[in-house]
Amino acid sequence: MTFLKNLALLALCSLSISTSYAALTIEVTGGTESALPVAVVPFAATAAPVDISSIVNADLERSGYFKMMAQQNMQSLPNSAAQVNYKEWQSLMQDYLVVGKVNNNGGQYDVQFQLLDVNKGGQMLGYKMSSSANDLRRTAHHISDLIFEKLTGKKSVFSGRIAYITSGGKQNHQLQVADADGFNPQTVASSREPLMSPAWSPDGKRLAYVSFERHSAAIYIQTLASGQRERVAEFPGINGAPSWSPDGTRLALTLSKDGSPDIFVLDLGSRSLTRLSKSTAIDTEPTWSPDGSAVVFTSDRGGKPQLYMVSSRGGDEKRITFSGDYNARASFSPDGRSLAMVHGGKGGYRIAVMDMASRSINVLTAGPSDESPSFAPNGTMILYASKKGGAGFLSAVSVDGKMQQKLQFTNGEVREPAWSPQ
């Protein structure tokens with residue numbers, strides 16, 4: 001049970017979950033019924049350390065919007081529009097074609113690609129860009145973004161990042177940041193004591209998180225570029241669940257300094273506190289509405305965990321979920337129209353989305369141990385943590401529930417994912 005488990009971790013500082021660094025596998029299940037046929041031809045490359053076309057192909061396939069063509073089914077391998085026989089690709093039932101090349105230019109790499117409309121026989125998109133060896137994966141994700149946005153009209157997220165917590169067998173807990181596909185993991189913080197609740201700043205440059213490294217709960221803010229960090233909350237009792245305001249000037253958090261856990265807002269400039277909830281029950285897991293006007297949080301004041309809303313300036317708290325015995329850990333969609341949550345009932349805990357206008361709830365996942373939902377910055381996907389057979393892994397589901405993907409490390413466990421806002 002996510003709600004009680006997180007409170008127990010904060011109150012008792014007891015955690016033992018196993019994991020480590022390991023290879024990542026991504027399994028895609030399902031997709032949209034109208035998936036577009038796309039062929040990404042292997043790029044012609046001169047001594048490039050990264051296979052850009054393979055990354056682009058994997059990105060597009062993982063989105064669920066495209067049906068990717070296997071290389072072994074390609075009859076030719078053009079690297080420019082001038083080399084393309086459009087009738088050949090029409091006969092292979094492809095709608096779109098991506099071709100390109102990578103040239104080593106004295107340590108810098110010149111990357112060129114074209115997106116072609118097979119049926120119309122012309123170019124839709126074409127770019128030339130330069131990249132260092134270290135930035136080639138980022139360049140590949142940028143190409144994927146350009147293609148995705150051109151073909152779908154939606155903002156893409158391939159160049160984004162995710163944060164998550166891992167824990168080693170020797171009680172070595174780590175906060176890591178990786179590319180959206182799980183590659184290039186970087187350790188932001190490491191401790192023998194538990195780390196919890198990573199939260200991105202709106203500009204994607206800082207992370208707030210909970211650490212028990214001083215043997216009591218404290219909230220830190222860390223700048224990713226420099227590694228500089230600052231302890232911003234270490235009150236007696238629980239200091240937990242930090243959530244950034246949309247303007248990046250405040251944190252909503254859970255504090256029990258006055259007795260029972262309540263929701264407070266911490267002004268990061270003045271360090272003044274504003275109390276938002278007042279209850280003898282457990283109030284926790286705050287999340288801001290995208291316009292900053294309200295905070296949604298989890299409370300068991302009605303007997304079981306449900307979601308409540310309060311103005312970010314304080315005032316009356318209003319219950320907003322009534323379907324199901326358990327609704328917790330809310331996450332707003334970027335447009336504020338939907339709210340992802342952990343929805344509990346018979347058979348376990350699943351990820352669900354509530355329409356904020358109608359209050360109707362749509363369950364997206366099968367469970368039984370799904371938690372920590374986090375919306376992608378384009379609002380099309382929800383990243384969450386799950387567990388099966390004692391192994392923890394990350395998954396993502398489209399907001400209509402039709403596309404699922406699973407990111408699993410070959411050894412160990414990962415939890416509490418958070419998708420960067422940009």
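This report describes one strand with its pairing partners and one pair of packed helices in a predicted model.

## Strand β8 and its neighbours

Strand β8, which covers residues 161-167, has six of its seven residues buried, and it is therefore largely enclosed by the rest of the structure. Buried here refers to a relative accessible area under 20%.

Strand β8 is paired with strand β9, residues 173-179, through seven bridges, and these two strands run antiparallel. Within this pairing, Ser-167 has His-173 of β9 as its bridge partner. Strand β8 also pairs with strand β31, residues 414-419, where four bridges join the strands, again in the antiparallel sense; in this pairing Ala-163 stands opposite Ala-418 of β31.

## Packing of helices α2 and α4

Two packed helices are described by the angle between their axes and the distance between the axes. For helix α2 (residues 52-63) and helix α4 (residues 136-152), the angle is about 45° and the axes are 9 Å apart. Because an angle that is neither roughly parallel, roughly antiparallel nor roughly perpendicular counts as oblique, α2 and α4 are oblique to each other, and their crossing is right-handed.

On the α2 side, the contact is made by Ile-52, Ile-55, Val-56, Asp-59, Leu-60 and Ser-63, while α4 contributes Leu-136, Arg-137, Ala-140, His-141, Ile-143, Ser-144, Ile-147 and Phe-148. Sorted by character, the residues of this contact between α2 and α4 comprise nine that are nonpolar, three that are polar and two that are charged.

Methods
Residues are numbered from 1 along each chain as its sequence is written. This is a predicted model: local features need pLDDT of at least 70, side-chain atom pairs count only at pLDDT 80 or more; totals for chains, interfaces and linings use all residues. Side-chain values use heavy atoms; hydrogens and water are left out. Buried means under 20% relative accessible area, exposed over 50%, partly exposed in between (1.4 Å probe, protein chains only). Two strands pair if DSSP finds at least two bridges between them. Axes are lines fitted to C-alpha atoms, for helices over the stretch in contact, and angles run from 0 to 180 degrees between N-to-C directions. Angles under 35 degrees count as roughly parallel, over 145 as roughly antiparallel, 65 to 115 as roughly perpendicular and the rest as oblique. A crossing is left-handed if the near helix is turned anticlockwise from the far one by less than a right angle, and right-handed if clockwise. Contact means heavy atoms within 4.5 Å. Ala, Val, Leu, Ile, Met, Phe, Trp, Tyr, Cys and Pro count as nonpolar, Asp, Glu, Lys and Arg as charged, and the others, Gly among them, as polar.
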